[in-house]
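Here is a short report on one protein model. It covers ring contacts, one strand with its neighbours, and internal cavities.

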Amino acid sequence: MRWLAFSLLAVATSWVAAAAASGPLLLDATNVGNAIFAVGERGIVTRSLDGGRTWHAEEPIVTETLCAISFAGELNGWAVGHGAVILRTTDGGDRWSVQFTGPDSESPLLDVLALNNRHVIAIGSFGSYFETQDAGATWNQRFVLEEDMHLNRITATSDGTLFIAGEFGTLLRSTDQGENWDALSTGDDGSLYGILPLSNGTLLAYGLRGRVYVSKNGGDDWKILQTPGTGLIMTGIELAAANTVILTGQGRTWWISRDSGRSFKASSAITPAIAELLLTPEGRLFTFGE
């Protein structure tokens with residue numbers, strides 16, 4: 001089984017080593033009603049009920065690193081991670097249980113998206129793609145690629161279009177809630193780690209070597225942007241009220257756009273490796289990672 005030095009798994013492994021002395025590595029987070037949930041190494045699921053001021057983690061039910069979390073409403077949530085494990089809660093995160101484990105425990109699940117209370121898609125390394133239409137009573141494995149590229153992140157736009165970003169320039173789009181997937185191309189084979197939909201309809205695709213691509217027609221065509229560096233971009237967020245977009249990832253990589261993503265400048269701030277950005281309903285911006 002092959003491992004690439006710049007895959008999400010390799011990056012996560014290096015973060016674990018760096019973060020062990022100061023606290024758990026956190027890889028994903030989400031707002032759920034008035035709560036914030038974050039997941040990370042050693043099976044941690046931690047929650048804040050006061051806007052991030054204090055956090056409480058339940059005793060982990062798995063030891064594997066959890067890479068992603070997604071909720072449909074305030075009660076039903078799923079988390080996925082190493083060991084091809086899928087966890088579920090039906091009570092807003094008070095209790096979690098192992099709902100499913102994929103057939104290949106050496107292929108981590110890297111992201112999950114709950115489209116509604118019954119329809120959930122989990123993706124991951126080596127083309128892993130699992131889907132449930134019955135809230136997880138059954139999980140079906142599908143093959144949406146001919147090759148075993150890592151699938152890094154799945155994103156839904158405001159109109160319901162789904163995008164998957166992955167290894168070696170893999171870029172997929174679905175306009176029917178994942179029933180069918182069309183392959184897109186940025187014109188490059190650099191690995192992609194996510195798609196950021198902006199409020200003006202623009203799409204940003206980001207990934208290795210600081211490369212950022214922009215599409216203004218729903219992903220049909222892409223143009224590479226000039227960026228201020230070559231760091232790995234892992235995540236991004238739009239602060240629409242200020243026309244501000246932030247892209248970040250590898251340590252010391254923190255890029256800011258004040259023109260809705262048309263251009264970016266590097267910040268002089270020294271940051272650790274960041275895996276996720278989250279804006280709370282109160283307007284507080286959180287970073288999760290090292």
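## Aromatic pairs

The whole structure holds 9 aromatic pairs. Rings of Phe, Tyr and Trp (its six-membered ring) pair if their centres lie within 6.5 Å; planes under 30 degrees apart are stacked, over 60 edge-to-face, the rest tilted. Trp-55 and Phe-286 make an edge-to-face pair, 6.5 Å centre to centre with 80° between the planes. Trp-55 sits in the loop between strand 3 (45-48) and strand 4 (56-57), and Phe-286 in strand 26 (residues 285-289), so the pair ties together parts 231 residues apart in sequence. Trp-55 is partly exposed at 34% relative accessible area, while Phe-286 is buried at 15%. Buried means under 20% relative accessible area, exposed over 50%, partly exposed in between (1.4 Å probe, protein chains only).

Phe-71 and Trp-96 are also edge-to-face, at 6.0 Å centre to centre and 90° between the planes. Phe-71 is buried at 12% relative accessibility, and Trp-96 is buried at 14%. Ring pairs link Phe-37, Phe-71 and Trp-96 into a cluster.

## Basis of the model

This is a predicted model: local features need pLDDT of at least 70, side-chain atom pairs count only at pLDDT 80 or more, and totals for chains, interfaces and linings use all residues. Residues are numbered from 1 along each chain as its sequence is written, and side-chain values use heavy atoms, with hydrogens and water left out.

## Strand 18

Strands are DSSP runs (E, at least two residues), numbered from the N terminus. Strand 18 spans residues 203-207, and 5 of its 5 residues are buried. In a regular strand, side chains alternate between the two faces of the sheet. Leu-203, Ala-205 and Gly-207 are buried on one side of strand 18, Leu-204 and Tyr-206 on the other.

Two strands pair if DSSP finds at least two bridges between them. Strand 17 (residues 192-197) runs antiparallel to strand 18, joined by 5 bridges. Pro-197 is bridged to Leu-203. In their hairpin, Gly-201 has a positive phi near 95°. Strand 18 also pairs antiparallel with strand 19 (residues 212-215) over 4 bridges. There, Ala-205 has Tyr-213 as its bridge partner.

## Cavities

A cavity is a set of points on a 1 Å grid over the protein atoms alone where a 1.4 Å probe fits but cannot get out; lining residues have an atom within 4 Å of a point. There are 2 cavities of 30 Å³ or more. The largest holds about 40 Å³. Its lining includes Asn-31, Ile-36 and Glu-282. The second largest has about 30 Å³. Gly-207 and Tyr-213 are among its lining residues.

Note on methods:
On a 1 Å grid over the protein atoms alone, a cavity is a set of points where a 1.4 Å probe fits but cannot get out, and a pocket is an open set with protein on both sides within 12 Å along at least five of seven lines; lining residues have an atom within 4 Å of a point. Grid points are joined across faces, edges and corners, and a volume is the space filled by probe spheres set on the points.
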